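Hi,

Here is the structure I said I would pass on. Have a look at it first, and my notes follow underneath.

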Amino acid sequence: MNWPVPDFALAMLLALIIDAAIGWPDAVFNRIGHPVTWLGKLIEELEKRLNHATNRRFKGTCAAMMVIGTASGLAALLAAMSPDGYVGVLIMAVLAWPLIAVRSMHEHVKAVSTPLKDGDIAASRQALSMIVGRDPSQLDEAGIARAGMESLAENTSDGIVAPVFWGVLFGLPGIAAYKAINTLDSMIGHRNERYEAFGWASAKTDDVVNSVPARLTGMLYVLVSGNPARAMRVMMNNAHKHRSPNAGWPEAALAGALDVRLSGPRVYDGELSQEPWVNGAGRDADAEQLVLGLRLYVRLIFALCGLLAVIASLAIVV
């Protein structure tokens with residue numbers, strides 16, 4: 001029996017390259033939408049029908065299973081219909097391409113860093129509001145740069161490394177299942193009155209599937225940091241301080257790489273949340289540090305591509 005992981009790695013490598021080159025074009029989005037929006041509509045409909053009365057945790061668990069099963073089942077069907085060999089690898093890459101967010105992540109953070117560097121705080125706040133859940137209206141330069149870095153670090157894991165990780169292990173069904181889980185968590189995995197019970201299974205599942213990718217992302221940031229000893233020390237000493245069991249790893253690694261402090265107090269839905277600092281001894285972030293963070297992100301993508309190329313090359317010797 002053929003070992004599929006090298007072929008899966010090659011497909012993920014090609015998907016990364018396609019997305020980095022062209023992203024998800026507006027013309028395509030306007031015509032057919034995006035797989036995440038399709039998943040979002042399914043989740044919205046299930047939430048509307050099921051999230052009420054009693055047994056909300058059970059209903060939410062069933063809803064999560066339906067969404068994950070639908071996404072991975074359709075992906076498995078498409079994979080089964082694809083031919084073997086390099087043609088099949090190319091088809092898998094094209095189908096996996098919209099499930100990876102290399103270009104859009106860079107564009108969204110650059111939309112924050114460019115006006116911030118030019119001193120346009122209002123434009124930076126507006127761009128930041130597109131990628132974070134907190135209220136950016138009162139943030140100064142340091143707060144904006146800090147929030148941008150945190151989003152960059154966390155979404156490097158959620159939007160790129162994690163989907164690629166599960167795609168390498170399980171092919172198209174793996175990356176599709178992960179994207180379904182991550183979308184469920186972003187939509188209903190919130191700790192509030194409406195979603196606490198209904199989104200419980202989605203949030204817990206997301207924590208599990210992001211456990212290894214988050215730590216891998218942190219290690220990749222350490223490797224490309226330019227100061228791996230400091231980045232590793234900060235990551236190991238500070239990752240657990242984050243409110244999330246996973247997001248702290250890439251955020252702490254990036255904080256150590258740039259010697260800045262991240263996390264800390266912030267406002268959600270009009271209420272102050274006293275979050276602990278990650279790398280509290282670091283300096284305040286600024287526009288220049290956010291630009292440097294983007295450069296580390298680009299290095300990380302190249303490193304990830306190199307790792308995938310190595311795994312793909314194993315097909316020659318296995």
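R49 and E45 are joined by a salt bridge, with 2.7 Å between the closest N and O atoms. Both sit in helix α3 (residues 35–50), four residues apart, which is about one turn of the helix. R49 is exposed at 58% relative accessible area, while E45 is partly exposed at 31%. Bear in mind that this is a predicted model.

Helix α3 also holds E47, which pairs with R194 in a salt bridge at 2.9 Å between the closest N and O atoms. R194 belongs to the loop between α8 and α9 (200–209), so this pair ties together parts that are 147 residues apart in sequence. As for cover, E47 counts as buried, with a relative accessibility of 8%, and R194 is partly exposed at 46%.

One more of the same kind: E107 and R103 meet through their side chains at 3.1 Å, N to O. They are both in helix α6 (residues 102–117), again four residues apart. E107 is partly exposed at 45% relative accessibility, and so is R103 at 31%. Over the whole structure the search turned up five salt bridges.

Disulfides are a shorter story: the search found zero. Of the cysteines, C62 is partly exposed with a relative accessible area of 28%, and C305 counts as buried at 17%.

Now the inside. The largest nonpolar core has 86 residues, and M12, L16, Y221 and L308 touch the most other members. Helix α8 supplies the largest share of this core, 20 residues. Leaving out residues up to four places away in sequence, Y221 touches L152, A153, T156, P250, A253, L254, L296, Y297 and L300.

P250 turns up again around S157, a residue of helix α8 (residues 141–188); beyond four places in sequence, the contacts of S157 are A162, P163, N210, P213, A214, T217 and P250. S157 is buried, at just 1% relative accessible area.

On the outside, have a look at the nonpolar surface patch made by L74, L77, L78, M81, V87, I91 and L95, which has about 640 Å² of accessible area together. The elements giving two or more residues to this patch are α4 (56–81) and α5 (85–96), and α4 gives the most, with four. I91 is in α5 and is partly exposed, with a relative accessible area of 32%.

Shout if you want to go through any of this together.

Cheers

Definitions and conventions. Residues are numbered from 1 along each chain as its sequence is written. This is a predicted model: local features need pLDDT of at least 70, side-chain atom pairs count only at pLDDT 80 or more; totals for chains, interfaces and linings use all residues. Side-chain values use heavy atoms; hydrogens and water are left out. Patches are made of residues with over 30% relative accessible area and no salt bridge: like charges are joined within 9 Å, nonpolar side chains (Val, Leu, Ile, Met, Phe, Trp, Tyr) within 5 Å. Accessible areas come from the Shrake-Rupley method with a 1.4 Å probe; for residues, only the protein chains shown count as cover. A salt bridge is a side-chain nitrogen of Lys or Arg within 4 Å of a carboxyl oxygen of Asp or Glu. Buried means under 20% relative accessible area, exposed over 50%, partly exposed in between (1.4 Å probe, protein chains only). Contact means heavy atoms within 4.5 Å. A disulfide is a pair of cysteine sulfur atoms within 2.5 Å. A nonpolar core is a set of buried Ala, Val, Leu, Ile, Met, Phe, Trp, Tyr and Cys residues joined through side-chain atoms within 4.5 Å.
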